[in-house]
Amino acid sequence: MSVLIRLLSVAVLVWSSTGCRAREIQPEGPVSPPQVPMAVTHPSVPPPPPVNGPEDRLWVSLQAHLGRPDQSAPLTLHGAGSPLSLSDASGRDWSGSVLTISWRSVPRETPLTLSRRVAGPFASFESAERVAKRWREIGVAAVVAHPDDWEVWAPKGAPLPDGLAVRDWHGSIDSVVVPVLQTAEGGFTLQGPIRINAPQGLKWKGGRYGGPFRLQRDAYGSWTLIEQVPLERYLEGVVPHEIGAGSPPSALQAQTVLARTWALANSHRFRIDGYHLCSDTQCQVYSDPRQAGPAVLQAIAATRGRLLSWNGSPISAVYHASNGGLMASGTEAWAMEPQPYLRAEADGDAGWVMRHPLPLIATEGVDALLADGAGAYGRNHPRFRWTRTLTTAGIRSALGSAGAALSAPIHLSVLQRGASGRVLALQIKGSGSASPVVLRLDRIRRTFRTLPSTLFVLQPQGETSWLVRGGGFGHGAGLSQAGAIDLAWRGWSTERILSRYYPGTLYEPLSPQTQSP
């Protein structure tokens with residue numbers, strides 16, 4: 001057995017250094033689309049089942065990209081109180097309080113040739129999905145992928161929407177990663193998908209999850225650990241981590257409605273990989289459901305099956321921590337289609353609205369707002385107002401290779417603001433001949449991660465640093481959690497809070513006529 005374990009360890013190390021061995025091939029010259037046969041863009045993965053009702057299960061990734069070189073450590077699963085049971089696609093069964101799965105790379109009988117056009121990377125799913133929709137509108141089967149960053153993939157030679165920049169990628173996969181269950185009798189190669197049941201729960205990252213669970217391949221040759229969780233139980237792992245279990249009842253209920261709506265509206269987010277949602281900040285944070293205390297459980301029960309809809313579909317129920325006193329439109333946050341219920345508006349009492357009329361596109365107006373706060377909803381949030389410092393060294397580091405080409409001194413300037421005063425385009429320019437870098441929308445905060453929001457003004461501090469004064473925490477579109485908590489303490493009902501932040505939407509029970517994507 002010790003010999004077998006050593007061999008398996010070597011196999012894991014081989015995978016760590018080789019991965020799927022996707023060999024790069026030089027891009028071909030331009031080819032007329034009608035002459036190009038449809039090519040495989042990625043390894044096919046069956047889509048997850050649709051989610052259209054409160055009893056349906058969401059497939060949520062607890063950990064993705066398993067078995068990849070940077071995640072080649074064995075996967076260890078611990079049962080909570082009783083043994084786990086595991087069965088693979090070949091019908092074999094195992095059980096144990098602890099299950100350990102390692103990874104090894106095995107040759108394919110026939111290499112899989114891939115070819116695709118790639119757009120991106122994009123800072124968010126919303127921006128990638130808008131590009132994918134533009135591609136689909138001209139008849140191209142474009143899909144959103146997330147190998148590391150958000151990208152859009154289309155078949156080889158596909159025609160392009162106007163103005164879209166892409167790169168052509170071709171490769172050949174001649175090996176696959178397979179999971180190996182380690183037991184006292186030795187290692188057993190598993191065939192996916194793998195089903196895991198935990199009668200009393202699975203211990204995972206300090207929490208306990210009910211399951212059942214799946215281990216299955218993704219579109220990149222690696223594996224994903226998935227929990228199949230009923231929609232209403234999923235909310236127990238989201239609501240306390242998003243707004244806080246101590247929030248007043250109507251704010252908790254509003255957050256619950258939004259979490260349910262958002263999950264349904266985004267259940268196609270990871271379709272290419274065979275599941276619905278992730279569990280981190282690229283989706284909604286989904287963590288230990290046991291932290292859902294009586295107040296959260298009551299909010300879930302009080303709103304069971306209810307969501308916000310527009311024209312028969314779940315809305316884009318985006319939300320954030322604090323808007324700094326100004327609600328943003330969706331197009332100020334992402335490259336998305338305008339939504340009538342996500343619009344820029346001053347978020348405060350009558351005096352606040354009168355003092356800060358929109359559009360607020362002049363720097364002086366934003367500066368005056370940031371010096372004020374009286375009458376704004378949610379002003380007690382710790383990042384309602386904030387300051388940060390950007391330095392030349394930090395800017396270059398954040399920009400990577402693009403920043404290295406910018407010679408000192410570097411100059412920062414706001415090229416464009418939206419109606420709510422948020423920065424839509426930020427230019428970073430060096431003193432030499434190198435082209436300036438322009439960051440737009442969500443790419444600004446994705447690049448400069450210390451900035452809580454894009455509602456800010458810049459103040460130079462000599463030639464090597466800038467003081468950034470801003471307001472709010474998050475993208476600013478939709479519900480402000482701080483604002484909702486403030487309004488709830490003022491006596492506002494759940495429906496009134498939702499109506500304020502998503503005007504014109506319907507607050508209604510989920511029905512078969514309300515379709516998720």
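In the predicted model, the side chain of Asp486 places a polar atom 2.9 Å from the backbone nitrogen of Gly378. Asp486 belongs to helix H12, which runs over residues 481-489, and its contacts beyond the four neighbouring places in sequence are with Ala376, Tyr377, Gly378 and Arg379. With a relative accessibility of 18%, against a cut-off of 20%, Asp486 is classed as buried.

The surroundings of Asp486 reflect those of the helix that carries it, in that H12 is mostly covered, with seven of its nine residues buried. These are Gln481, Ala482, Gly483, Ala484, Asp486, Leu487 and Ala488. The elements that cover the buried residues of H12 include helix H4 (239-242), H5, strand S17 (319-320), strand S26 (479-480) and helix H13 (494-501). Just after H12, the backbone at Gly491 adopts a positive phi of about 100°.

Helix H5 (residues 249-265), one of the elements that cover H12, also supplies nine residues to the largest nonpolar core, and this is the largest share of that core. The core comprises 95 residues, of which Tyr234 and Tyr502 touch the most other members. Leaving aside residues up to four places away in sequence, Tyr234 is in contact with Leu58, Val60, Val229, Ala263, Leu277, Gln284 and Tyr286. Apart from this core lies another, of 18 residues, whose members include Ile444, Leu451, Trp466 and Val468. In soluble globular proteins, nonpolar side chains tend to be buried together.

Helix H2, spanning residues 125-136, was examined for its length and for its packing. Its twelve residues, at 1.5 Å a residue, should span 16 Å, and the C-alpha atoms at its two ends are indeed 16 Å apart, so the expected and computed spans agree. The buried residues of H2 are Phe125, Glu126, Ser127, Ala128, Glu129, Val131, Ala132 and Trp135, and they pack against strand S5 (98-122), strand S6 (143-145), strand S7 (150-155) and helix H11 (442-447).

Arg130, which lies in helix H2, is partly exposed, because its relative accessibility of 32% falls between the limits of 20% and 50%. The side chain of Arg130 meets that of Glu337 in a salt bridge with an N to O distance of 3.4 Å. This pair links distant parts of the chain, since Glu337 is located in the loop between strand S18 (326-327) and strand S19 (345-346), 207 residues from Arg130. Glu337 is likewise partly exposed, with a relative accessibility of 40%.

The count of salt bridges in the model comes to 18. Side chains of opposite charge can pair when their charged atoms come close. In one of these pairs, the side chains of Arg469 and Asp367 meet with an N to O distance of 2.1 Å. Because Arg469 is in strand S25 (residues 465-471) and Asp367 in helix H8 (residues 363-370), this salt bridge ties together parts that are 102 residues apart in sequence. Both partners are partly exposed, Arg469 at 23% relative accessibility and Asp367 with a relative accessible area of 31%.

A further salt bridge joins Asp288 to Arg290, with the closest N and O atoms 2.9 Å apart. Asp288 is buried, its relative accessible area being 6%. Salt bridges also connect Arg343, Glu345, Asp347 and Arg500 into a network.

The structure contains one disulfide, formed by Cys278 and Cys283, whose sulfur atoms are 2.3 Å apart. The torsion about the S-S bond of Cys278 and Cys283 is about 115°, and the disulfide is therefore right-handed. Both cysteines are buried, Cys278 with a relative accessible area of 6% and Cys283 at 10% relative accessibility.

Conventions. Residues are numbered from 1 along each chain as its sequence is written. This is a predicted model: local features need pLDDT of at least 70, side-chain atom pairs count only at pLDDT 80 or more; totals for chains, interfaces and linings use all residues. Side-chain values use heavy atoms; hydrogens and water are left out. Helices (H or I, at least four residues) and strands (E, at least two) are DSSP runs, numbered from the N terminus. Buried means under 20% relative accessible area, exposed over 50%, partly exposed in between (1.4 Å probe, protein chains only). A polar contact is a pair of N or O atoms within 3.5 Å; within protein, one must be able to donate a hydrogen and the other to accept it, and residues adjacent in sequence count only if both atoms are side-chain atoms. Contact means heavy atoms within 4.5 Å. The expected span of a helix is 1.5 Å times one less than its number of residues. A salt bridge is a side-chain nitrogen of Lys or Arg within 4 Å of a carboxyl oxygen of Asp or Glu. A disulfide is a pair of cysteine sulfur atoms within 2.5 Å. A nonpolar core is a set of buried Ala, Val, Leu, Ile, Met, Phe, Trp, Tyr and Cys residues joined through side-chain atoms within 4.5 Å.
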